[in-house]
Every structure is written in structure tokens, then in C-alpha cells.
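Here is a brief report on strand pairing and one surface feature. Please look over the sequence and structure before reading on.

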Amino acid sequence: MTTRVAVMGIIVEKTESAGKLNTLLHEYGDYIIGRMGIPYRKRGINIISVCLEAPQNTISALAGKIGNIEGISVKTSYSNVAYEE
């Protein structure tokens, strides 16, 4: 299996959507290296970064599911190195 390291930048604009996001992140927890969340109270949003290592199709699937949640946007940056497991 070939894996890549990636970082997802997630912006939560609707806090009522955070439960759906957390459920998805829990489902993909085996791939998550770490995550950091920052509440930006001045603007009423939350900024989350998630670092993970997984097959590229798994990372893309997670990003797609997150992007389909209302009030949440996501962008993913991939490393150039692929790892064979």
C-alpha cells in the first residue's frame, strides 16, 4: 500500500456542523497523525489543521466528505513523497 502525508486546512463557519466534522474525523482516526483547532472568536469561526498519512484516495475521500458539510470548507496539501507500507 502506498501512502502520502498531507495537511488539511479546515474552516468551520457554522458551529452546528462541527458534530458532523468530528464524526468524520473519528471515522478516519487511524490515519490522523495529529490535529489542532483554533477558535477565532473575533470572526466567529474555527480553524482546524489535520495532519494525516494515508493512501491518496482515502485522503481525497475524507476531504470530499468534509467539503460536503454545510458551512465547512477544506483544502488539502500533499507531500511529494510516497511511502510503501
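Which residue in β3 does Tyr-40 stand opposite? The partner is Ile-45. The model is a predicted one.

## The β2–β3 hairpin

Strand β2 covers residues 32-40 and runs antiparallel to β3. Eight bridges join the two. Four residues lie between these strands in the hairpin. Gly-44 has a positive phi there, near 70 degrees.

## Strand β1 and its two partners

Strand β1 spans residues 2-12, and β3 spans residues 45-54. Nine bridges hold this antiparallel pair together. Within the pairing, Met-8 of the one strand faces Val-50 in β3. Gly-9 stands opposite Ser-49 in β3.

Strand β1 also pairs with β4, residues 72-84. This pairing is antiparallel too, with ten bridges. Ile-11 has Ser-73 in β4 as its bridge partner.

## A nonpolar patch

Met-36, Ile-38, Tyr-40 and Ile-47 make a nonpolar surface patch of about 340 Å². Strand β2 gives the largest share, three residues. Ile-47 sits in β3.

Why does Ile-47 count as partly exposed? Its relative accessibility is 31%. Partly exposed means between 20% and 50%, so Ile-47 at 31% falls in that class.

In a regular strand, side chains alternate between the two faces of the sheet. Met-36, Ile-38 and Tyr-40 are all members of the patch.

Notes
Residues are numbered from 1 along each chain as its sequence is written. This is a predicted model: local features need pLDDT of at least 70, side-chain atom pairs count only at pLDDT 80 or more; totals for chains, interfaces and linings use all residues. Side-chain values use heavy atoms; hydrogens and water are left out. Two strands pair if DSSP finds at least two bridges between them. Patches are made of residues with over 30% relative accessible area and no salt bridge: like charges are joined within 9 Å, nonpolar side chains (Val, Leu, Ile, Met, Phe, Trp, Tyr) within 5 Å. Accessible areas come from the Shrake-Rupley method with a 1.4 Å probe; for residues, only the protein chains shown count as cover. A salt bridge is a side-chain nitrogen of Lys or Arg within 4 Å of a carboxyl oxygen of Asp or Glu. Buried means under 20% relative accessible area, exposed over 50%, partly exposed in between (1.4 Å probe, protein chains only).
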